[in-house]
Amino acid sequence: MTALFQQLPSVDKLLKTPQGELLVDQFGHTAVVNMIRQLLQLAREQIKETQQLPNYFNDVDHTIAEIRYQLIQQNQVQIKSVHNLTGTVLHTNLGRALWSATAQQAALNAMAGNVALEYDLEIGKRSHRDHYISELLTQLTGAEAACVVNNNAAAVLLMLATFAQGKEVIISRGELIEIGGAFRIPDIMAQAGCTLVEVGTTNRTHLKDYQNAINENTAFLMKVHNSNYQICGFTHSVEEHKLTELGKQFNIPVISDLGSGALIDLTQYGLPKEPTVQEKLAQGVDLISFSGDKLLGGVQAGIIVGKKSLIDQLQAHPLKRVLRCDKVILAGLEATLRLYLQPEKLIETLPTLRLLTQSIAQLNEKAERVKEQLSQHLPEFSLQIEASYAQIGSGSQPLAKIPSVAVTIANQTNGKLTALLQRLKQLPTPIIARMEQDKIWLDIRSLANVDHLLESLQAL
Ligand SMILES: *Cc1c(COP(=O)(O)O)cnc(C)c1O
């Protein structure tokens, strides 16, 4: 063992070889020295465990090649591209909505240079950063004003902290949701310093339940869209227009956390119904919050629209400063919203909508190409094109199944399938699929780009 340890080169010796000097030229002294130390440490551990020297310490060329390889690896961003073949179009773990081409361009512009973020070019004076987006949302939804923060969870927190700190918020027991990533209404209420007043029961809540709970300390009547679950059977909930009537009588605003918050009616494309922002505004809701990267098809943001007097107070609250968005996000969001000014074009311009509205014929055509390519790499597996079901995802309509098409991969030996699923995940651009009924399902509806997938499959 001592002999093995003695075979390990010193840091200095490696640095002084001509190849070592080249490495320092390319990557700088600090990174090269750190990497050599790491590899030496690993080698010492391996000697202790296996009484063997790692191969690449057998000769200097080999060692330098390994250091170079590791230094290049170290530069690879680990948040890397993957192919989403899960069938869940808005997959929170895979980054939700894809950005439209114009949103990408606007974001790039904002990244590379200075932008008129808090500067009104017409009057040449300071303005606030949600200004342009607020004007657009006013035009698109009919709301009086808007406010933009980091995500919808932040939007809910800001509404509660601004108006309900030390006060009570009335909400139905059937709407005390938890959304993935630990967004829980009761916890957000606690963080905002307000008291949750639950009314009604899990399955049935009536207008009188809200009315009976109102007192001088009530800040809001609150509705939360139960986006990720459904209660079936004997149920009742109070519609927004009834709640806003009640709110007016007592001078208490009604707020609504809409979750996905569509700006267009999805049923026109044969998709499941999701409440729209305009619909809720028309019912008189005072403040509505929703996400920018769910059905809106844009960037991660939380958008609040509603009464100007209330929005002005949100804008002035210190938490707004804490939760504000940066120039890149705001540029991407503005560009996304501008697409909605040409609603007939959205199925071409908005990737989320493009994926959701692909016809079965289009999906079949892509599936054929994927199957063809796979068959060249996976002779011992049986491949098939099968009808499948996709989902919108991100909590939208969890029970609604959207017809889709999948390439399925089967094999008698189950171990081979799990190994393949693993291999797919370890490709340079990993493929994320789902395992179901003893088959791997590559669902085509959630796939962003079939040409890129075919390229990636060549590495199999
Ligand atoms: C998704 C969702 C949230 C959280 O939104 P983020 O943008 O992910 O912070 C909050 N409420 C509802 C009803 C949701 O569906």
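Author: In this text, buried means under 20% relative accessible area, exposed means over 50%, and partly exposed covers what lies in between (1.4 Å probe, protein chains only). The model is predicted, so local features need pLDDT of at least 70 and side-chain atom pairs count only at pLDDT 80 or more, while totals for chains, interfaces and linings use all residues. Residues are numbered from 1 along each chain as its sequence is written, and side-chain values use heavy atoms, with hydrogens and water left out.

Reader: Thanks! Why is arginine 338 called partly exposed?

Author: Its relative accessible area is 40%, which falls between the limits of 20% and 50%. Glutamate 334, at 21%, is partly exposed as well.

Reader: What makes glutamate 334 and arginine 338 a salt bridge?

Author: A salt bridge is a side-chain nitrogen of Lys or Arg within 4 Å of a carboxyl oxygen of Asp or Glu. Here the N to O distance is 2.8 Å, so the pair qualifies. Both residues lie in helix α15 (residues 327-339), four residues apart, or about one turn of the helix. Helices are DSSP runs (H or I) of at least four residues, strands are E runs of at least two, and both are numbered from the N terminus.

Reader: How many salt bridges does a search of the whole structure find?

Author: The search finds 16. One of them joins glutamate 175 and lysine 223, at 2.8 Å from N to O. Glutamate 175 sits in the loop between β6 (168-172) and β7 (178-179) and lysine 223 in strand β10 (residues 218-224), so the pair ties together parts that are 48 residues apart in sequence. Glutamate 175 and lysine 223 are both buried.

Reader: Why does arginine 434 count as buried?

Author: Arginine 434 has 17% relative accessibility, and anything under 20% is buried. Its salt-bridge partner is glutamate 436, with the closest N and O atoms 3.0 Å apart. Glutamate 436, at 32%, is partly exposed.

Reader: Now to helix packing. What makes α3 roughly parallel to α5?

Author: Two packed helices are described by the angle between their axes and the distance between the axes. Helix α3 (residues 18-27) and helix α5 (residues 60-75) have axes that come within 10 Å and cross at roughly 10 degrees. Angles under 35 degrees count as roughly parallel, over 145 as roughly antiparallel, 65 to 115 as roughly perpendicular and the rest as oblique, so α3 is roughly parallel to α5. Residues that meet include Leu23 and Phe27 in α3 and Ile64 and Leu71 in α5.

Reader: Why is α3 called oblique to α4?

Author: Helix α3 and helix α4 (residues 29-50) pack at about 125 degrees, with axes 7 Å apart. That angle lies outside the other three ranges, so α3 is oblique to α4. Leu23, Val24 and Phe27 of α3 make the contact with His29, Ala31 and Val32 of α4.

Reader: And how do you know that isoleucine 311 is buried?

Author: Isoleucine 311 has a relative accessible area of 1%, under the 20% limit. Isoleucine 311 is placed in helix α13 (residues 308-316). Leaving aside neighbours within four places in sequence, isoleucine 311 is in contact (heavy atoms within 4.5 Å) with residues including Ala145, Cys147, Leu287 and Ile304. Leucine 287 is 24 residues away in sequence and 8.1 Å away in space, C-alpha to C-alpha.

Technical notes: Axes fitted to C-alpha atoms, helices over the stretch in contact; angles between N-to-C directions.
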